[in-house]
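Visitor: Please take a close look at the salt bridges here, and then set them beside the nonpolar packing of the chain.

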Amino acid sequence: LGKGAEWVIGFEWVSNDVIATYATNSIKIYDVSARKLLKEIEASEYLDPYTVHNVINIFWSPRGDKFVVLDNYAWKRVFVAAYDYNGRPLWISKSVRIGPYGLQVHKGDLVSPDGRYIVVGGPEQERYSTSIYRTEVLDLETGETVFTHLEELFAAGPCYVTWSFDARYLAIGCPNGINSLQVEVFSTSDWRLITLLRPLPGLFVEAMSFNPSGKKLAYIADTSGGEDVMVVLDLESKNYEKINLGVISRPKEITWIGDDELVLLAGNNVYLVHVGVEGLSLDKIGSCLLYTSPSPRDLSTSRMPSSA
């Protein structure tokens with residue numbers, strides 16, 4: 001977009017022509033086609049100017065009319081603020097306390113596919129061998145908390161969050177125990193817990209996704225030995241199948257292309273995985289970076305909304 005380069009933490013596509021980048025204390029919105037800066041916002045512009053602000057992520061609504069900033073100040077709290085497309089503040093939520101290690105906030109698909117909610121959370125209180133994890137679901141229009149979940153886990157590390165394609169279910173995968181995970185699935189109609197699976201293979205979830213019907217959930221996790229595993233959970237029978245992937249580098253992504261088939265991106269390799277009655281079968285497609293055709297989640301990820 002210019003002759004020089006600048007340091008950024010990450011970016012999000014707003015539309016096919018507009019992209020937003022974010023650094024430690026600023027957010028910039030660019031028109032890619034016109035090659036110009038549309039808006040620059042400082043995190044401290046509407047927040048406490050005497051506090052050190054650290055923008056750790058931004059999330060755009062599926063319609064691209066507003067965005068949410070996760071601002072980690074003093075490394076102990078996550079401040080959540082929403083702005084309209086022009087950078088005007090819509091709401092600033094109460095802060096969510098995230099223990100002494102603020103970078104362990106929840107990761108994943110934090111904004112629901114229908115644009116109604118955003119999830120914020122992390123270890124609120126850390127003890128010698130356990131941590132109290134807090135998860136809050138905020139209404140994206142008002143910033144009000146609609147659901148709060150507290151749980152004591154035998155671990156300290158980030159959880160991973162994802163939604164079903166129709167936003168009926170919210171899944172949270174967290175470390176719990178020595179080299180083991182747990183996955184909780186909540187119904188968004190009344191926020192009740194409908195499925196709890198533990199112990200599961202893995203240390204930290206690095207990618208997770210529902211299949212189109214919402215009856216299966218796949219995740220990639222690393223292990224204490226440094227290798228990665230992919231696990232597919234059957235949420236009705238509560239059984240699971242596992243494939244050892246060995247040591248793989250990023251990116252690590254899961255994209256379902258049907259109820260029983262998914263595309264696995266593991267480093268530079270792409271695999272087609274079939275979920276059958278005899279377990280999982282894995283076929284290597286090639287070594288490339290693959291994006292599939294548009295899905296309901298495309299508008300809330302960092303790929304172009306057209307999936308070009």
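Guide: In this predicted model, the salt bridges come to 11 by the rule applied here. Several of them meet around one acidic residue, since Arg63, Asp65, Lys66 and Glu141 are linked in a network of salt bridges. Within that network, glutamate 141 pairs with arginine 63, and the closest N and O atoms of the two are 3.8 Å apart, a separation that falls inside the cut-off of 4 Å. Because glutamate 141 belongs to the loop between β12 and β13 while arginine 63 belongs to the loop between β5 and β6, this pair ties together parts that are 78 residues apart in sequence. Glutamate 141 counts as partly exposed, at 48% relative accessibility, and arginine 63 counts as exposed, with a value of 60%.

Glutamate 141 also forms a salt bridge with lysine 66, where the N to O distance is 3.1 Å. Here lysine 66 lies in strand β6 and glutamate 141 in the loop between β12 and β13, so the pair ties together parts that are 75 residues apart in sequence. Lysine 66 has a relative accessibility of 5% and therefore counts as buried.

Another salt bridge joins the side chains of aspartate 228 and lysine 252, at 2.8 Å from N to O. This pair links distant parts of the chain, with aspartate 228 in strand β20 (residues 228-234) and lysine 252 in strand β22 (residues 252-256), 24 residues apart. Both aspartate 228 and lysine 252 are buried.

As for the nonpolar packing, the largest nonpolar core holds 29 residues, of which Leu70, Val80, Ile118, Val137, Trp163 and Leu170 touch the most other members. At least two residues of this core come from each of β5 (55-60), β6 (66-73), β7 (77-84), β11 (117-126), β12 (131-139), β13 (145-153), β14 (160-163) and β15 (169-175), and β11 gives the most, with 4 residues. Valine 137 shows how such contacts are spread along the sequence: leaving aside residues up to four places away, valine 137 touches Tyr117, Ile118, Val119, Glu144, Thr145, Val146, Phe147, Trp163, Leu170 and Trp191. A second core, separate from the largest one, has 18 residues, among them Tyr169, Leu197, Met208 and Leu217. As a general background to both cores, nonpolar side chains tend to be buried together in soluble globular proteins.

Notes. Residues numbered from 1 in each chain as written. Predicted model: local features only at pLDDT ≥ 70, side-chain atom pairs only at ≥ 80, totals over all residues. Heavy atoms only, no water. Core = buried A, V, L, I, M, F, W, Y, C linked by side-chain atoms within 4.5 Å. Buried < 20%, exposed > 50% of the residue type's maximum accessible area, 1.4 Å probe, protein only. Contact = heavy atoms within 4.5 Å.
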